[in-house]
Amino acid sequence: MSDSADNDFTPPEGFADISGDGGVYKKVLTEGVGEVTPSVEDSVFVHYTGTLFGGDRDGEKFDSSRDRNEPFSFKLGAGQVIKGWDEAVKTMRQGEVCDIVLRSDYAYGKSGSGAKIPPNAALKFNIELIRWEGEDVSEAKDKGVIKHWLRKGEGYQKPGIGAMVTVNLVGKHEGREFDSRTGVSFEVGLADEAGLPQGVDFAVRSMTKGEKASFSVSETYAQAQNVPANAAVVYELELTDFEKMKESWELNEEEKVAQAELLKAKGTEYFKKSKMRPALTYYNRVVDFLKWDSGFEDKPEELRQQRVALLLAARLNLSLVHFKLGDHRQCIEEADEAIKLNADAAKAYFRRGQARMATHDYDEAREDFEKVAQLEPGNQAAAQQIALAKQRIIEEKNRQKKTFYGMFDKFAQHDSAAQKSASKPAAAAVADNGEGGDKPAPTEA
(Lines give C-alpha, C1' and ligand atoms only; values in the text may rest on other atoms or scores of the structure.)
Protein backbone atom coordinates (compact mmCIF):
# COMPACT_ATOMS: atom_id res chain seq x y z
CA MET A 1 0.00 0.00 0.00
CA SER A 2 1.24 3.48 -0.79
CA ASP A 3 1.40 6.52 1.47
CA SER A 4 -1.58 7.90 -0.48
CA ALA A 5 -3.83 5.02 0.50
CA ASP A 6 -6.40 7.38 2.08
CA ASN A 7 -6.82 9.19 -1.21
CA ASP A 8 -7.42 5.83 -2.93
CA PHE A 9 -9.91 4.61 -0.27
CA THR A 10 -13.08 3.33 -1.93
CA PRO A 11 -16.12 2.72 0.29
CA PRO A 12 -17.27 -0.91 0.19
CA GLU A 13 -20.61 -1.72 -1.44
CA GLY A 14 -23.54 -2.55 0.82
CA PHE A 15 -22.00 -0.78 3.84
CA ALA A 16 -23.48 2.25 5.63
CA ASP A 17 -21.42 5.28 6.64
CA ILE A 18 -21.85 5.48 10.44
CA SER A 19 -19.24 8.16 11.16
CA GLY A 20 -20.82 10.78 8.92
CA ASP A 21 -17.55 11.67 7.22
CA GLY A 22 -16.81 8.50 5.28
CA GLY A 23 -14.35 7.20 7.84
CA VAL A 24 -16.28 4.21 9.26
CA TYR A 25 -18.53 1.89 7.26
CA LYS A 26 -20.66 -0.87 8.74
CA LYS A 27 -22.66 -3.84 7.50
CA VAL A 28 -24.78 -5.92 9.89
CA LEU A 29 -24.43 -9.67 9.27
CA THR A 30 -26.41 -10.96 12.28
CA GLU A 31 -28.99 -8.78 13.99
CA GLY A 32 -28.59 -8.27 17.73
CA VAL A 33 -31.34 -8.46 20.32
CA GLY A 34 -33.05 -5.62 22.18
CA GLU A 35 -32.88 -1.91 21.50
CA VAL A 36 -30.10 -0.99 23.94
CA THR A 37 -26.51 -0.37 22.84
CA PRO A 38 -23.39 0.10 24.99
CA SER A 39 -22.66 3.48 26.55
CA VAL A 40 -19.44 5.39 27.05
CA GLU A 41 -17.38 3.89 29.91
CA ASP A 42 -19.10 0.48 29.60
CA SER A 43 -16.78 -2.52 29.51
CA VAL A 44 -17.54 -4.38 26.27
CA PHE A 45 -16.59 -7.95 25.39
CA VAL A 46 -16.16 -8.87 21.72
CA HIS A 47 -14.72 -11.42 19.33
CA TYR A 48 -13.08 -10.04 16.20
CA THR A 49 -10.98 -10.82 13.16
CA GLY A 50 -8.97 -8.04 11.51
CA THR A 51 -7.82 -7.99 7.88
CA LEU A 52 -6.22 -5.43 5.58
CA PHE A 53 -8.61 -3.72 3.17
CA GLY A 54 -7.61 -2.77 -0.39
CA GLY A 55 -4.29 -2.85 -2.19
CA ASP A 56 -2.13 -5.84 -2.96
CA ARG A 57 -2.53 -7.29 0.55
CA ASP A 58 -6.33 -7.07 0.58
CA GLY A 59 -7.90 -9.65 2.92
CA GLU A 60 -4.65 -10.49 4.72
CA LYS A 61 -5.44 -11.36 8.35
CA PHE A 62 -3.32 -9.60 10.95
CA ASP A 63 -5.13 -10.45 14.22
CA SER A 64 -8.04 -12.49 15.63
CA SER A 65 -9.40 -13.03 19.12
CA ARG A 66 -11.08 -16.17 17.80
CA ASP A 67 -7.70 -17.70 17.04
CA ARG A 68 -6.83 -17.19 20.73
CA ASN A 69 -10.28 -18.44 21.79
CA GLU A 70 -10.49 -15.52 24.20
CA PRO A 71 -12.88 -12.53 23.93
CA PHE A 72 -11.32 -9.07 23.87
CA SER A 73 -12.50 -6.49 26.42
CA PHE A 74 -12.11 -2.71 26.51
CA LYS A 75 -13.79 0.34 27.99
CA LEU A 76 -15.89 2.09 25.37
CA GLY A 77 -15.00 5.71 24.59
CA ALA A 78 -11.95 5.71 26.86
CA GLY A 79 -9.34 5.77 24.07
CA GLN A 80 -8.27 2.19 24.74
CA VAL A 81 -8.82 1.12 21.10
CA ILE A 82 -8.52 2.72 17.67
CA LYS A 83 -11.04 5.47 16.94
CA GLY A 84 -13.11 3.44 14.46
CA TRP A 85 -13.79 0.74 17.03
CA ASP A 86 -15.33 3.20 19.48
CA GLU A 87 -17.49 4.56 16.67
CA ALA A 88 -18.68 1.14 15.53
CA VAL A 89 -19.16 -0.80 18.77
CA LYS A 90 -21.34 1.89 20.35
CA THR A 91 -23.90 1.22 17.56
CA MET A 92 -24.07 -2.55 18.17
CA ARG A 93 -26.68 -4.55 20.04
CA GLN A 94 -26.31 -7.66 22.17
CA GLY A 95 -25.20 -10.63 20.01
CA GLU A 96 -24.82 -8.56 16.86
CA VAL A 97 -22.21 -9.57 14.28
CA CYS A 98 -21.05 -7.00 11.75
CA ASP A 99 -18.28 -6.11 9.34
CA ILE A 100 -16.73 -2.65 9.59
CA VAL A 101 -14.27 -0.95 7.25
CA LEU A 102 -12.11 1.86 8.60
CA ARG A 103 -10.31 4.57 6.71
CA SER A 104 -6.72 4.75 7.96
CA ASP A 105 -7.29 7.90 10.04
CA TYR A 106 -9.86 5.89 12.03
CA ALA A 107 -7.35 3.04 12.38
CA TYR A 108 -3.54 3.33 12.77
CA GLY A 109 -3.05 6.34 10.47
CA LYS A 110 0.28 7.32 8.97
CA SER A 111 2.34 5.30 11.44
CA GLY A 112 0.69 1.91 10.92
CA SER A 113 1.39 -0.81 13.49
CA GLY A 114 4.48 -2.99 13.18
CA ALA A 115 5.07 -5.15 10.14
CA LYS A 116 1.49 -6.42 9.94
CA ILE A 117 -0.26 -3.07 9.41
CA PRO A 118 1.50 -0.70 7.01
CA PRO A 119 1.20 3.12 7.11
CA ASN A 120 -2.09 4.64 5.86
CA ALA A 121 -3.78 1.23 5.79
CA ALA A 122 -7.53 0.86 5.61
CA LEU A 123 -8.72 -2.04 7.75
CA LYS A 124 -11.68 -4.41 7.86
CA PHE A 125 -12.95 -6.08 11.03
CA ASN A 126 -15.54 -8.73 11.64
CA ILE A 127 -16.89 -8.03 15.16
CA GLU A 128 -19.30 -9.91 17.41
CA LEU A 129 -20.61 -8.06 20.47
CA ILE A 130 -20.88 -10.73 23.16
CA ARG A 131 -21.93 -8.56 26.08
CA TRP A 132 -21.16 -5.39 27.96
CA GLU A 133 -21.05 -4.27 31.58
CA GLY A 134 -21.61 -0.85 33.07
CA GLU A 135 -19.62 0.63 35.93
CA ASP A 136 -20.45 -0.74 39.39
CA VAL A 137 -21.03 2.34 41.56
CA SER A 138 -22.54 0.60 44.58
CA GLU A 139 -20.73 1.21 47.86
CA ALA A 140 -20.16 -2.51 48.46
CA LYS A 141 -19.15 -3.14 44.82
CA ASP A 142 -21.72 -5.96 44.68
CA LYS A 143 -23.10 -4.94 41.26
CA GLY A 144 -26.18 -3.53 42.96
CA VAL A 145 -26.01 -0.22 41.05
CA ILE A 146 -24.68 -0.37 37.48
CA LYS A 147 -24.06 2.85 35.57
CA HIS A 148 -24.38 3.52 31.84
CA TRP A 149 -23.37 6.97 30.62
CA LEU A 150 -25.75 8.87 28.38
CA ARG A 151 -23.99 12.25 28.40
CA LYS A 152 -20.77 13.46 29.96
CA GLY A 153 -20.83 16.25 32.51
CA GLU A 154 -18.51 19.12 33.35
CA GLY A 155 -15.15 18.79 35.03
CA TYR A 156 -14.23 16.13 37.56
CA GLN A 157 -15.84 17.14 40.86
CA LYS A 158 -18.49 14.79 42.22
CA PRO A 159 -20.85 15.23 45.17
CA GLY A 160 -19.92 13.40 48.35
CA ILE A 161 -22.03 12.56 51.38
CA GLY A 162 -23.62 15.71 52.76
CA ALA A 163 -23.66 17.62 49.45
CA MET A 164 -26.96 19.10 48.27
CA VAL A 165 -27.81 17.84 44.78
CA THR A 166 -30.54 18.69 42.29
CA VAL A 167 -31.56 16.08 39.72
CA ASN A 168 -34.05 15.39 36.98
CA LEU A 169 -35.13 11.76 37.03
CA VAL A 170 -37.20 9.05 35.44
CA GLY A 171 -37.73 5.71 37.19
CA LYS A 172 -38.84 2.58 35.33
CA HIS A 173 -39.77 -0.96 36.28
CA GLU A 174 -39.92 -3.49 33.42
CA GLY A 175 -40.34 -0.61 30.98
CA ARG A 176 -43.19 0.99 32.94
CA GLU A 177 -42.53 4.51 34.20
CA PHE A 178 -43.35 4.85 37.90
CA ASP A 179 -41.60 8.14 38.73
CA SER A 180 -40.78 11.22 36.68
CA ARG A 181 -39.69 14.48 38.32
CA THR A 182 -37.55 17.52 37.60
CA GLY A 183 -35.63 19.71 40.02
CA VAL A 184 -35.59 17.19 42.87
CA SER A 185 -33.18 18.28 45.62
CA PHE A 186 -31.81 16.16 48.45
CA GLU A 187 -28.75 15.74 50.58
CA VAL A 188 -26.44 12.95 49.47
CA GLY A 189 -26.80 10.17 52.00
CA LEU A 190 -30.47 11.04 52.53
CA ALA A 191 -32.10 10.25 49.18
CA ASP A 192 -34.95 8.54 51.02
CA GLU A 193 -36.04 11.99 52.27
CA ALA A 194 -36.98 12.71 48.64
CA GLY A 195 -38.73 9.36 48.24
CA LEU A 196 -35.77 7.83 46.41
CA PRO A 197 -34.00 4.52 47.07
CA GLN A 198 -30.47 4.05 48.34
CA GLY A 199 -29.39 3.10 44.82
CA VAL A 200 -29.99 6.68 43.66
CA ASP A 201 -27.83 7.89 46.53
CA PHE A 202 -24.93 5.77 45.27
CA ALA A 203 -25.66 6.83 41.70
CA VAL A 204 -25.35 10.59 42.18
CA ARG A 205 -22.01 10.20 43.95
CA SER A 206 -20.57 8.93 40.65
CA MET A 207 -21.78 11.90 38.57
CA THR A 208 -20.42 15.29 37.58
CA LYS A 209 -22.49 18.41 37.03
CA GLY A 210 -24.54 18.24 33.82
CA GLU A 211 -23.99 14.50 33.43
CA LYS A 212 -26.81 12.23 32.37
CA ALA A 213 -26.73 8.48 32.99
CA SER A 214 -28.88 5.39 33.33
CA PHE A 215 -28.56 3.22 36.43
CA SER A 216 -29.73 -0.37 36.85
CA VAL A 217 -30.60 -0.76 40.53
CA SER A 218 -30.97 -4.22 42.07
CA GLU A 219 -33.77 -5.03 44.51
CA THR A 220 -31.27 -4.65 47.38
CA TYR A 221 -31.00 -0.90 46.75
CA ALA A 222 -34.37 -0.19 45.12
CA GLN A 223 -36.74 0.01 48.07
CA ALA A 224 -38.41 3.44 48.28
CA GLN A 225 -41.68 5.20 47.59
CA ASN A 226 -43.41 4.21 44.33
CA VAL A 227 -40.97 1.31 43.82
CA PRO A 228 -42.47 -2.20 43.61
CA ALA A 229 -41.42 -4.47 46.47
CA ASN A 230 -38.45 -6.76 45.77
CA ALA A 231 -38.02 -5.44 42.25
CA ALA A 232 -35.01 -4.27 40.27
CA VAL A 233 -35.53 -0.88 38.64
CA VAL A 234 -33.83 1.53 36.25
CA TYR A 235 -33.32 5.23 36.97
CA GLU A 236 -32.31 7.77 34.37
CA LEU A 237 -30.70 10.69 36.20
CA GLU A 238 -29.46 14.11 35.14
CA LEU A 239 -27.39 15.95 37.75
CA THR A 240 -28.27 19.57 37.09
CA ASP A 241 -26.45 21.10 40.07
CA PHE A 242 -24.82 20.36 43.40
CA GLU A 243 -23.33 22.23 46.32
CA LYS A 244 -20.29 20.34 47.51
CA MET A 245 -19.74 19.97 51.24
CA LYS A 246 -16.21 20.71 52.34
CA GLU A 247 -14.05 17.66 52.89
CA SER A 248 -12.15 17.06 56.12
CA TRP A 249 -8.81 18.08 54.61
CA GLU A 250 -10.28 21.45 53.55
CA LEU A 251 -11.00 22.47 57.18
CA ASN A 252 -8.79 23.46 60.07
CA GLU A 253 -9.08 21.63 63.40
CA GLU A 254 -11.54 24.08 64.95
CA GLU A 255 -13.77 23.87 61.87
CA LYS A 256 -13.63 20.06 61.91
CA VAL A 257 -14.88 19.96 65.50
CA ALA A 258 -17.62 22.50 64.79
CA GLN A 259 -18.75 20.59 61.70
CA ALA A 260 -18.70 17.30 63.61
CA GLU A 261 -20.97 18.81 66.29
CA LEU A 262 -23.53 19.70 63.62
CA LEU A 263 -23.29 16.27 61.99
CA LYS A 264 -23.72 14.48 65.31
CA ALA A 265 -26.79 16.56 66.15
CA LYS A 266 -28.34 15.78 62.78
CA GLY A 267 -27.62 12.08 63.20
CA THR A 268 -29.31 12.10 66.59
CA GLU A 269 -32.29 13.91 65.11
CA TYR A 270 -32.77 11.07 62.60
CA PHE A 271 -32.13 8.43 65.27
CA LYS A 272 -34.94 9.84 67.40
CA LYS A 273 -37.23 9.53 64.37
CA SER A 274 -36.14 5.86 64.06
CA LYS A 275 -34.52 6.61 60.70
CA MET A 276 -31.45 4.47 61.20
CA ARG A 277 -29.86 4.67 57.75
CA PRO A 278 -29.66 8.47 57.69
CA ALA A 279 -28.45 8.43 61.31
CA LEU A 280 -25.72 6.00 60.28
CA THR A 281 -24.68 8.34 57.47
CA TYR A 282 -24.24 11.32 59.78
CA TYR A 283 -22.44 9.47 62.56
CA ASN A 284 -20.03 8.04 59.98
CA ARG A 285 -19.35 11.58 58.78
CA VAL A 286 -18.38 12.59 62.33
CA VAL A 287 -15.82 9.77 62.33
CA ASP A 288 -14.53 10.86 58.90
CA PHE A 289 -13.89 14.37 60.21
CA LEU A 290 -12.23 13.40 63.48
CA LYS A 291 -10.65 9.94 63.23
CA TRP A 292 -7.15 11.30 62.55
CA ASP A 293 -5.47 13.13 65.42
CA SER A 294 -2.78 14.71 63.25
CA GLY A 295 -3.08 18.49 63.50
CA PHE A 296 -4.59 18.39 66.97
CA GLU A 297 -1.31 17.79 68.83
CA ASP A 298 -0.49 21.48 69.27
CA LYS A 299 -4.06 22.61 69.84
CA PRO A 300 -5.48 23.59 73.27
CA GLU A 301 -6.34 20.70 75.60
CA GLU A 302 -10.01 21.70 75.57
CA LEU A 303 -10.21 21.26 71.76
CA ARG A 304 -8.41 17.91 71.93
CA GLN A 305 -10.81 16.67 74.60
CA GLN A 306 -13.75 17.92 72.55
CA ARG A 307 -12.51 15.92 69.55
CA VAL A 308 -12.19 12.71 71.59
CA ALA A 309 -15.60 13.19 73.21
CA LEU A 310 -17.30 13.69 69.85
CA LEU A 311 -15.49 10.75 68.29
CA LEU A 312 -16.37 8.53 71.25
CA ALA A 313 -20.03 9.56 71.06
CA ALA A 314 -20.08 8.83 67.32
CA ARG A 315 -18.56 5.36 67.80
CA LEU A 316 -21.04 4.55 70.59
CA ASN A 317 -23.95 5.77 68.50
CA LEU A 318 -22.75 3.80 65.48
CA SER A 319 -22.53 0.70 67.64
CA LEU A 320 -26.09 1.22 68.83
CA VAL A 321 -27.47 1.87 65.33
CA HIS A 322 -25.74 -1.20 63.91
CA PHE A 323 -27.20 -3.27 66.74
CA LYS A 324 -30.70 -2.02 65.96
CA LEU A 325 -30.15 -2.82 62.28
CA GLY A 326 -29.11 -6.35 63.21
CA ASP A 327 -25.52 -5.90 62.06
CA HIS A 328 -23.93 -7.41 65.16
CA ARG A 329 -20.40 -7.80 63.81
CA GLN A 330 -20.25 -4.11 62.89
CA CYS A 331 -21.73 -3.26 66.29
CA ILE A 332 -18.84 -5.09 67.94
CA GLU A 333 -16.27 -3.35 65.72
CA GLU A 334 -17.60 0.10 66.60
CA ALA A 335 -17.65 -0.80 70.31
CA ASP A 336 -14.03 -1.94 70.02
CA GLU A 337 -13.12 1.46 68.54
CA ALA A 338 -14.93 3.23 71.37
CA ILE A 339 -13.01 1.21 73.98
CA LYS A 340 -9.74 2.20 72.28
CA LEU A 341 -10.72 5.81 72.87
CA ASN A 342 -11.84 5.22 76.46
CA ALA A 343 -11.14 1.92 78.23
CA ASP A 344 -13.76 2.85 80.86
CA ALA A 345 -16.62 3.42 78.40
CA ALA A 346 -19.32 1.30 80.08
CA LYS A 347 -21.76 1.81 77.19
CA ALA A 348 -19.26 0.31 74.76
CA TYR A 349 -18.92 -2.85 76.83
CA PHE A 350 -22.69 -3.07 77.23
CA ARG A 351 -23.29 -2.69 73.46
CA ARG A 352 -20.60 -5.22 72.69
CA GLY A 353 -22.08 -7.60 75.25
CA GLN A 354 -25.51 -7.30 73.64
CA ALA A 355 -24.07 -8.03 70.20
CA ARG A 356 -22.11 -11.02 71.53
CA MET A 357 -25.28 -12.41 73.10
CA ALA A 358 -26.93 -12.14 69.67
CA THR A 359 -24.03 -14.03 68.07
CA HIS A 360 -24.14 -16.70 70.85
CA ASP A 361 -20.71 -15.77 72.23
CA TYR A 362 -22.05 -16.03 75.77
CA ASP A 363 -18.76 -16.31 77.65
CA GLU A 364 -17.40 -13.14 76.07
CA ALA A 365 -20.73 -11.39 76.56
CA ARG A 366 -20.68 -12.25 80.27
CA GLU A 367 -17.18 -10.74 80.57
CA ASP A 368 -18.41 -7.52 78.94
CA PHE A 369 -21.39 -7.21 81.29
CA GLU A 370 -19.17 -7.95 84.28
CA LYS A 371 -16.92 -5.11 83.14
CA VAL A 372 -19.97 -2.82 83.05
CA ALA A 373 -20.90 -3.91 86.58
CA GLN A 374 -17.35 -3.20 87.71
CA LEU A 375 -17.43 0.31 86.20
CA GLU A 376 -21.00 0.99 87.32
CA PRO A 377 -21.76 -1.16 90.42
CA GLY A 378 -25.41 -0.14 90.53
CA ASN A 379 -26.18 -0.97 86.90
CA GLN A 380 -29.21 -3.27 87.14
CA ALA A 381 -29.35 -3.88 83.37
CA ALA A 382 -25.81 -5.25 83.47
CA ALA A 383 -26.67 -7.50 86.42
CA GLN A 384 -29.67 -8.88 84.55
CA GLN A 385 -27.56 -9.51 81.47
CA ILE A 386 -24.89 -11.31 83.53
CA ALA A 387 -27.55 -13.66 84.90
CA LEU A 388 -28.96 -14.20 81.42
CA ALA A 389 -25.50 -14.88 79.96
CA LYS A 390 -24.78 -17.44 82.71
CA GLN A 391 -28.12 -19.11 82.02
CA ARG A 392 -27.34 -19.26 78.29
CA ILE A 393 -23.89 -20.76 79.05
CA ILE A 394 -25.51 -23.53 81.17
CA GLU A 395 -28.13 -24.16 78.49
CA GLU A 396 -25.44 -24.37 75.83
CA LYS A 397 -23.39 -26.84 77.90
CA ASN A 398 -26.48 -28.99 78.51
CA ARG A 399 -27.33 -28.90 74.83
CA GLN A 400 -23.79 -29.98 73.95
CA LYS A 401 -23.95 -32.80 76.51
CA LYS A 402 -27.20 -34.07 75.03
CA THR A 403 -25.69 -33.87 71.58
CA PHE A 404 -22.60 -35.81 72.62
CA TYR A 405 -24.61 -38.36 74.62
CA GLY A 406 -26.85 -38.85 71.62
CA MET A 407 -23.81 -39.38 69.45
CA PHE A 408 -22.36 -41.91 71.93
CA ASP A 409 -25.71 -43.78 72.07
CA LYS A 410 -25.76 -44.01 68.29
CA PHE A 411 -22.17 -45.24 68.24
CA ALA A 412 -22.99 -47.86 70.91
CA GLN A 413 -26.08 -49.02 69.03
CA HIS A 414 -24.08 -49.20 65.83
CA ASP A 415 -21.35 -51.28 67.51
CA SER A 416 -23.92 -53.62 69.06
CA ALA A 417 -25.66 -54.11 65.74
CA ALA A 418 -22.31 -54.80 64.07
CA GLN A 419 -21.46 -57.44 66.68
CA LYS A 420 -24.82 -59.16 66.23
CA SER A 421 -24.40 -59.13 62.48
CA ALA A 422 -20.92 -60.67 62.78
CA SER A 423 -22.24 -63.55 64.98
CA LYS A 424 -25.12 -64.59 62.71
CA PRO A 425 -23.14 -66.48 60.02
CA ALA A 426 -21.52 -68.73 62.71
CA ALA A 427 -24.93 -69.62 64.18
CA ALA A 428 -26.28 -70.45 60.77
CA ALA A 429 -23.29 -72.67 60.09
CA VAL A 430 -23.97 -74.70 63.24
CA ALA A 431 -27.58 -75.19 62.19
CA ASP A 432 -26.56 -76.32 58.73
CA ASN A 433 -24.19 -78.96 60.16
CA GLY A 434 -27.08 -81.17 61.13
CA GLU A 435 -26.89 -80.37 64.82
CA GLY A 436 -30.49 -79.40 65.33
CA GLY A 437 -31.04 -77.48 62.12
CA ASP A 438 -34.68 -77.04 62.96
CA LYS A 439 -33.84 -75.29 66.24
CA PRO A 440 -33.55 -71.53 66.53
CA ALA A 441 -30.06 -70.00 66.39
CA PRO A 442 -28.51 -69.48 69.82
CA THR A 443 -28.91 -66.03 71.29
CA GLU A 444 -26.04 -63.96 72.67
CA ALA A 445 -25.62 -63.77 76.44
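This passage describes a six-stranded sheet, several loop residues, the largest pocket and an annotated repeat in a predicted model.

The model is predicted, so local features are restricted to pLDDT of at least 70 and side-chain atom pairs to pLDDT 80 or more, while totals for chains, interfaces and linings use all residues. Residues are numbered from 1 along each chain as its sequence is written, and side-chain values rest on heavy atoms, with hydrogens and water left out. Helices (H or I, at least four residues) and strands (E, at least two) are DSSP runs numbered from the N terminus.

An open sheet is formed by 6 strands in the order 8-9-12-13-10-11, with antiparallel pairing; two strands are taken to pair if DSSP finds at least two bridges between them. Strand 8 (135–136) and strand 11 occupy the edges, each with a single partner strand, so one side of each has no neighbour in the sheet.

Strand 10 (residues 164–173) pairs with strand 11 (residues 176–187) in the antiparallel sense over 9 bridges. Among the bridge partners, V170 is matched with S180 in strand 11, and K172 with E177 of that strand. The hairpin of strand 10 and strand 11 has 2 residues between the strands, and E174 there takes a positive phi near 50°. Strand 10 also pairs with strand 13 (residues 233–243), again in the antiparallel sense and over 9 bridges; in this pairing V165 stands opposite F242.

In a regular strand the side chains alternate between the two faces of the sheet. For strand 10, V165, V167, L169, G171 and H173 make up the covered face, whereas M164, T166, N168, V170 and K172 make up the uncovered one.

Strand 12 and strand 13 run antiparallel and are joined by 6 bridges, with V217 opposite V233 in strand 13. S214 is found in strand 12 (residues 212–217). At 16% relative accessibility, S214 counts as buried, a class that requires under 20% relative accessible area, with exposed meaning over 50% and partly exposed in between (1.4 Å probe, protein chains only). The C-alpha atoms of S214 and V234 are separated by 6.9 Å, although these residues are 20 apart along the chain. In strand 11, E187 is likewise buried, at 13% relative accessibility. Its C-alpha atom is separated by 9.4 Å from that of G160, 27 residues away along the chain.

Positive phi values in residues other than glycine also occur in two loops. E41, with phi near 80°, is found in the loop between strand 2 (24–30) and strand 3 (43–53). N120, with phi near 60°, is found in the loop between strand 6 (97–102) and strand 7 (122–133). N120 counts as buried, at 8% relative accessibility.

Rolling a probe the size of a water molecule over the atoms shows where empty space is left. On a 1 Å grid over the protein atoms alone, a cavity is a set of points where a 1.4 Å probe fits but cannot get out, and a pocket is an open set with protein on both sides within 12 Å along at least five of seven lines; lining residues have an atom within 4 Å of a point. Grid points are joined across faces, edges and corners, and a volume is the space filled by probe spheres set on the points.

The largest pocket holds about 590 Å³ of space. Its lining comprises 25 residues, of which E139, Q198, F202, R277 and T281 are the closest to the centre. Helix 3 (198–204) and helix 5 (276–290) are the elements that give two or more residues to this lining; helix 5 gives the most, with 5 residues. By residue class the lining divides into 11 nonpolar, 8 polar and 6 charged, where Ala, Val, Leu, Ile, Met, Phe, Trp, Tyr, Cys and Pro count as nonpolar, Asp, Glu, Lys and Arg as charged, and the others, Gly among them, as polar. At least three lining residues come from each of domain 2 (136–243) and domain 3 (248–391), with domain bounds taken from an automatic or database domain assignment.

An unreviewed UniProt entry lists residues 346–379 as "repeat: TPR"; UniProt positions follow the numbering used here, feature names are shortened, and annotations may be inferred rather than shown by experiment. In the model, residues 346–379 are 79% helix and 0% strand, and the end C-alpha atoms of the span lie 10 Å apart.
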